[in-house]
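Me: Hi! Could you walk me through this structure in plain words?
Reply: Happy to. Have a look at it here, and then ask away.
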Amino acid sequence: MSAARPAARLEHIVVRTPNWLGDTVMALPMLTALRAAEPGARVTLVGRWAPLLAGQGVADVLLGYPKPLAARRRLARVLAADRPDLALLLPNSLEAALAAAWWRARRRAGYATDGRGPLLTDSLPLPSPRLHQIDEYLGLLRLLGVDGAAPVPEWRLPVSAEADAEIDRLLAEAGLDAAAPLVGLHLGTAFGSSKLWPPDAFGRLAQRLSAGGLRPVLLGTGEDARTAALVVAASGGPVASLVGRDRPMLLPRLLARLRCLVSGDTGVAHLAAAVGVATVTLFGPTDRRLTAPRGRAVRALDHPAPCAPCFLPTCPIDHVCLTRIDPDAVLRAVRLAVA
């Protein structure tokens, strides 16, 4: 383990942010603490979801991380020309450490895993047993002599009349009253089918929510359109849908209009919790102890299964970890969340 370096002035810090939306949200406490600890430094965030952090007050520059290797090399040349004082690596991959070397960062800090230890100047072993992802990100700040950060993400919604008007339009086009108690049902996940609650379960939940005076609204990307149709069929009646209608930069503001969000273990759940919305998150192949959302009104549900958590993207057997979560149990959790 590398000890914390003596305090030194850091003029330029580059943070390689996570590849996933949920992990990016879970990095917010660490990024907030870093900004507070180094107020005079120029902080650059580089990552797929980094641009979504505009307005959060954690960085001066927000750069997406391109997929094509040629584009990554061009980005590396730009960063290397400035020779960052520190590259703080949140992904635990060898690729992230190689990128920091291409950036010619004087210090390269992260967890020593995936065979990348020789590429790091400052490192920690991965905690054993593993900690919640938020706490592991915060743990990296020990390399800089920083601790005591609040371990709950808080997402700011910058004032934007234009964005609010766009949300109003989306809700109106879906036949939704913005003042109604909206419960979002997010249907998708980027991980794989093993995280997906069955469409018929979502349909039965939508039916019960409507009968109880709550207004369900389906959420997801365009890839979830077929699932949305199955949910509507299972509900036995119309269900409002915004599937494929929003866009990433609008998502925090849309989630803020909800009374509650029901979803699998997905990044949208973390974002909803961070904006202050109640969440009911359904866990199957992943571990709620490591990635459950944190916030003021968060609930995590799972069904004990001998094979869970398996962390497999596709269930090779009968998927009991999620199929045994009953819609009535979810309904009870939602009612408690919105009470």
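Reply: One definition to begin with: helices (H or I, at least four residues) and strands (E, at least two) are DSSP runs, numbered from the N terminus.
Me: OK, how many helices and strands are there in the protein chain?
Reply: The protein chain has 13 helices and 12 strands. Keep in mind that this is a predicted model, where local features need pLDDT of at least 70, side-chain atom pairs count only at pLDDT 80 or more, and totals for chains, interfaces and linings use all residues. Residues are numbered from 1 along each chain as its sequence is written, and side-chain values use heavy atoms, leaving out hydrogens and water.
Me: What is the radius of gyration of the protein chain?
Reply: Taken over C-alpha atoms, the radius is 21 Å. The globule rule (2.2 Å times the number of residues to the power 0.38) gives 20 Å for 339 residues, which is close, so the chain is as compact as a globular protein of that length.
Me: And what share of the residues is buried?
Reply: Buried residues, meaning those under 20% relative accessible area (exposed is over 50%, partly exposed in between; 1.4 Å probe, protein chains only), make up 50% of the 339.
Me: New topic: how many disulfides does a search find?
Reply: Zero in the whole structure, where a disulfide is a pair of cysteine sulfur atoms within 2.5 Å. For cysteine 310, the nearest cysteine sulfur belongs to cysteine 307, 6.2 Å away.
Me: Is cysteine 260 buried or exposed?
Reply: Cysteine 260 is buried, at 0% relative accessible area, while cysteine 310 is partly exposed at 32%.
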